[in-house]
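Visitor: Could you take me through this model? I'd like to begin with how the chains meet.

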Amino acid sequence: MRTTTYCNRAHGGRCASAVLFLLLALPGIATAFTLPGGDVTVPADDTRVLLTLPDRAELAALAPVRERIRNNPRDRAAATRLARAYLELAWRKGDPRYAGYAHAALEPWWNQPDPPPDMRVLRARYRQHRHDFDAALADLRAVLERQPRHVEALLLLASIQRTRGEFAAAEAACRAVAAGGDLLTGLLCAADVSAGRGGEPATRDRLQRLLRERDLGPVLAQWGWNVLGETALVAGNAADAAAAFAQASRYGKPSAQLLARRADALLALGRPAEVRALLENRRDVDALLLRLAIAERRLDDPRWQRHRDELLAGFATMDRRGETPHRRVRARAMLALTDDPRAALGVALENWAAQREVTDAVLLLRAAEAAGRPDAADPARRWARKQGIGEPRLAALATAAEGY
Amino acid sequence: MPAVHLLCVLLLLGVLDTAAAHRPSDAYVTLDRSEVPARLRVDLALRDVEREIGLDADGDGTITWGELRGAREPLAGYVSEHIAASAGGEPCVLDDRQLALARHTDGPYAVLGFTVTCTAAALPDALDYGLFFDSDPLHRGLLVVTGPSSAYSAVFSPERRTVALPGQPSAWSTMRDFIAHGVWHIWIGFDHLLFLVVLLLPAVAISGGAGSGALHILKVVTAFTVAHSITLSLAVLGYLALPSGPVEVAIAASIVVAALANLNPRWRRLGWALAFAFGLLHGLGFAGVLTGLGLPAGALTLALVSFNLGVELGQLAVVAAVLPLLYAVRSLPPLARGLVPAGSMAAAAVASFWVLERLA
């Protein structure tokens, strides 16, 4: 309306220039773009470093193999080598992107019903990584049917069965490794499995003797000390565990798993400051961020809240992806870092449905206690009785310091 | 064998607690359809971008802002080749408009902003997504679509690369929804209803026949309606902002005041003034509810007007129900004489309880 009165004959000149101005300004108005969503920055400085690329040395070592595959995606040997290297990185760094890269390397064979055994075992590893245990076991059993002495398949089988609490079957797989001629690996495997259900004194002693008397080489030695630490921890002996894990760390860069359990032993001993020092720069892996946050909370370090929020945000993103693979870490995070023990119990129960080791049983007991529903942990108690761990021992672990 | 051993050994130990503990690869895709042209925002982890198109121009193992800026064209090109929007089957054009940086929980992300221009000035109704899947099948695109009335979310994966977006609600359905909300919220708004009833009670006691009673009711209801419409609109449009706690307490208190006013014949006649004054307050109460429902950005006025209309209709229904009762009472003088004081006292008691409750 205003324009009409403004643009009558009396104001012709001003009106025309106003309209002209608007027309010229229009493109400017049209090109103003606002980004949906908030929280962006535009750095002023070109030299500002945004990211330091991780794992450069490892990736550089793999560059020639990647090149081979780029030239020929169906190069079996290169694909197997690359996938294996990626899966090892995924495990050691705790970084699932590498599992995805491994899958991509194996893509030409992925959907074949009967891929070559080495590839099939790698596919099983990938599936284990993704917590798709049934599919992984199917692959492994298929490989073992043709090659019953396949060490890698047997070890992976033992690992999955141990996780699911199928200890007898896992031990059988370890025995098969020994029967195939590799006594040392078979023994370490058996010791590892037995740690999952509380450890056995005889196995532990044998392992200790072995580590003292023989030079196993850095890889097996690290594994051996790691297993000793695990056995001690589930036996309620945090001091021995911390010492064993420290020893294991001397044999080469510790994996995320080793660091995490070492942190648990230190937490159980009431040494959160050492945990914080150990894990200070390891916010990249959830399991380590969890222990760091727990230690910081114990120390009244205000950073624990930010780290808790990071963890929860990470879980929320996993929820958005429709995946819930890390229930053990999640349950523990909710129990130790939030005020919602009932939600923690829910996750601990979900975890129990998928994993059955001593650590999972203890977690369930703690969560049930905290939520005021001790009866919810009855399945874990029954399991402990059946495995010969004994309810009292489990209860002792559950009421002992956090970390067990 | 040694190579196998290394891997096997590492396999066994408590793998699952830590193995996948890092964050997997996610991209965040936001499509805003509240106006034409639609705007698309894509947040990509710098790690993923580096792997796919290369960012580290000087090969020193770090990515700088300058290196990211330098790669803007190939990056925008990569994205627009692997994300496609369409409207009615016709492809839309993505125009690169902005490059920025964002931090998500697992590190720095490159943020790209696009306008999405579709034929016939339409809004996109389907999205195709194919970033990074070839080199990382575990990558996921986390999609959020925001529009005038609702948000929609989905996850792109190698198995699900296309998403059909829900259509925009028509003006009619928005109107219908918000009228229903208005009616519902006045019916469950016991404090508002009680206030109204308290103000209507005197119609029973006013001398001069049924007509003046009806006139009284008309004045009161109109005043209340006008008043709460005013503050509701002002609050929803952002011109008024008062903390909800004190407002709720005041609303309860207004009932007490109105009830006590009923006890005085002089004050009774000014019921419409009280209705207006306190109606302003009640409108703020409604505003809280309405904004809580989520207002459609592009149809704000329509939603507001519809909600208000719903409130009026709901009110009218209540008045229509209460009126016959009041008239029935009028015809029984003994009852009529006692109703106003007794009803008002009862209302005052209930409302006082609410005041105390809301103060807690």
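Visitor: How many residue pairs are in polar contact across the interface of chain A and chain B?

Guide: The rule finds 19 such pairs between chain A and chain B, both residues being at pLDDT 80 or more (N or O atoms within 3.5 Å, within protein one able to donate a hydrogen and the other to accept it, residues adjacent in sequence counting only if both atoms are side-chain atoms). The model is predicted, so local features need pLDDT of at least 70 and side-chain atom pairs pLDDT 80 or more, while totals for chains, interfaces and linings use all residues. Residues are numbered from 1 along each chain as its sequence is written, chains are lettered from A and ligands numbered from 1 in the order written, and side-chain values use heavy atoms, without hydrogens and water.

Visitor: And how many residues of each chain are in contact there?

Guide: On the chain A side there are 87 residues, and they are in contact with 71 residues of chain B (contact means heavy atoms within 4.5 Å).

Visitor: How many salt bridges cross that interface?

Guide: The rule finds five between chain A and chain B (a side-chain nitrogen of Lys or Arg within 4 Å of a carboxyl oxygen of Asp or Glu). A salt bridge joins the side chains of R47(B) and D95(A), with N and O 2.8 Å apart.

Visitor: Where does R47(B) sit, and what else is buried there?

Guide: R47(B) belongs to helix α3 of chain B, residues 46-53, where the buried residues are L46(B), R47(B), D48(B) and V49(B) (buried is under 20% relative accessible area, exposed over 50%, partly exposed in between, with a 1.4 Å probe and protein chains only; helices are DSSP runs of H or I with at least four residues, and strands runs of E with at least two, numbered from the N terminus). Just after that helix, G54(B) takes a positive phi of about 80 degrees.

Visitor: Switching to chain A as a whole, how many helices and strands does it have, and how much of it is buried?

Guide: Chain A has 23 helices and one strand, and buried residues account for 53% of its 404 residues. Taking the contacts in chain A between residues at least 6 apart in sequence, 55% join residues that are at least 24 apart.

Visitor: Back to salt bridges: what is the count over all chains?

Guide: By this rule the count over all chains comes to 47. One of them joins the side chains of E323(A) and R130(A), at 3.3 Å from N to O. E323(A) lies in the loop between α18 (303-321) and α19 (327-337), and R130(A) in the loop between α7 (117-129) and α8 (133-146), so this pair ties together parts of chain A that are 193 residues apart in sequence.

Visitor: Are those two residues buried or exposed?

Guide: E323(A) counts as buried at 11% relative accessibility, whereas R130(A) is partly exposed, with a relative accessible area of 26%.

Visitor: Which other salt bridges could I look at in chain A?

Guide: R271(A) forms a salt bridge with E274(A), and their closest N and O atoms are 2.8 Å apart. R271(A) is partly exposed at 35% relative accessibility, and E274(A) is partly exposed too, at 36%. There is also a network of salt bridges that links D114(A), R120(A), R123(A), R127(A), D139(A) and R146(A).

Visitor: What surrounds A344(A), leaving aside its neighbours within four places in sequence?

Guide: Apart from those neighbours, A344(A) is in contact with A331(A), M334(A), L335(A) and A367(A). A344(A) lies in helix α20 of chain A, residues 341-354, and counts as buried at 0% relative accessibility. A344(A) and L363(A), 19 residues apart in sequence, are 9.6 Å apart in space, C-alpha to C-alpha.

Visitor: Which backbone features should I look at?

Guide: In chain B, the peptide bond from V36(B) to P37(B) is cis, with omega near 0 degrees, and P37(B) is placed in the loop between β1 (26-32) and β2 (38-45). D55(A) is not a glycine, yet has a positive phi of about 55 degrees; D55(A) lies in the loop between β1 (49-52) and α3 (56-71) of chain A and counts as buried at 13% relative accessibility. F132(B), another residue other than glycine, has a positive phi near 65 degrees. F132(B) is in the loop between β8 (126-129) and β9 (140-146) of chain B, and is buried with a relative accessible area of 4%.

Visitor: Why pick those out?

Guide: Because most residues other than glycine have a negative phi, and most peptide bonds are trans.
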